[in-house]
Amino acid sequence: MHYDAPGATAPFRPRTMNEPGLTHLSISVDDVHATADRAIEYGGQIIEDTDIGVALFLKDPDGQLIELLPVAYRDSLPPKP
C-alpha cells in the first residue's frame, strides 16, 4: 500500500512478532537469496541475524518485515480445509 497524502500515515515504530495484527508477510520463493538480492535493488534491507541459510527476513523501504521462505516450506504445509 502507498499513502502519499501528507499526514496519511503514522510514524514508523518497531513491532514485535507477538503483537496482534500484521507483523510480517511470509512469502515462499524459488531462491531465497536471489530474491533478497533483488529486493535490495529496490531499497530492501536484509536483517542479517535472521539469515538461517534457507530463510531470512528483510525490511522493505517502509520498514515492513518480509520473511522469505523456500517453496519447499510452502509445499510441506497441510492442505487447506
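**Exercise 1. Work out how β1 and β4 are joined, then place the other strands of the sheet around them.**

Solution. Start with the pair itself: β1 and β4 run parallel, and six bridges join them. Two strands count as paired here if DSSP finds at least two bridges between them. Helices and strands are DSSP runs numbered from the N terminus, with H or I over at least four residues for a helix and E over at least two for a strand. One bridge to look up is that of V29, whose partner in β4 is P70.

Before going on, a word on what we're looking at. This is a predicted model, where local features need pLDDT of at least 70 and side-chain atom pairs count only at pLDDT 80 or more, while totals for chains, interfaces and linings use all residues. Residues are numbered from 1 along each chain as its sequence is written, and side-chain values use heavy atoms, with hydrogens and water left out.

Next, go to the other side of β4. β3 and β4 pair in the antiparallel sense over four bridges, and L56 stands opposite L68 in β4. Then step out to β2: β2 and β3 (residues 56-59) are antiparallel too, over two bridges. Here Q45 has K59 as its bridge partner in β3.

Put it together and you get an open, mixed sheet of four strands in the order β1-β4-β3-β2. Since β1 (24-29) and β2 (45-46) each have a single partner strand, they stand at the edges, so one side of each is left without a neighbour in the sheet.

**Exercise 2. Find how many residues of β4 are buried, and set that beside the figure for the protein.**

Solution. Fix the cut-offs: buried means under 20% relative accessible area, exposed over 50%, and partly exposed in between (1.4 Å probe, protein chains only). Strand β4 covers residues 65-70, and five of its six residues are buried. For the protein, buried residues make up 22% of the 81 residues.

Now look just ahead of β1. T23 is in the segment before that strand. T23 counts as buried because its relative accessible area is 11%. The T23 side chain also makes a polar contact with the side chain of H24, at 3.1 Å. A polar contact is a pair of N or O atoms within 3.5 Å; within protein, one must be able to donate a hydrogen and the other to accept it, and residues adjacent in sequence count only if both atoms are side-chain atoms.

**Exercise 3. Walk along helix α1 (residues 32-41) from its start to the loop that follows.**

Solution. At the start of the helix, a side-chain oxygen of D31 reaches to within 3.2 Å of the backbone nitrogen of H33. Further along, R38 and E41 form a salt bridge (3.8 Å, N to O). The rule asks for a side-chain nitrogen of Lys or Arg within 4 Å of a carboxyl oxygen of Asp or Glu.

Check the spacing: R38 and E41 are three residues apart in α1, about one turn of the helix. An α-helix has 3.6 residues a turn, so residues three or four places apart point the same way. R38 is partly exposed at 46% relative accessibility, and E41 is exposed at 60%.

Just after α1 comes G43, with a positive phi of about 100°. G43 sits in the loop between α1 and β2 and is partly exposed, at 44%. In space, G43 and K59 are 8.8 Å apart, C-alpha to C-alpha, although 16 residues separate them in sequence.

**Exercise 4. Complete the salt-bridge list.**

Solution. The count is two. Besides R38 and E41, R74 and D75 form one, with the closest N and O atoms 3.3 Å apart. D75 is exposed at 53%, whereas R74 is partly exposed at 46%.

**Exercise 5. Describe the hairpin of β3 and β4, and say which of its residues takes a positive phi.**

Solution. Five residues lie between the two strands. The residue you want is G63, with a positive phi near 95°.
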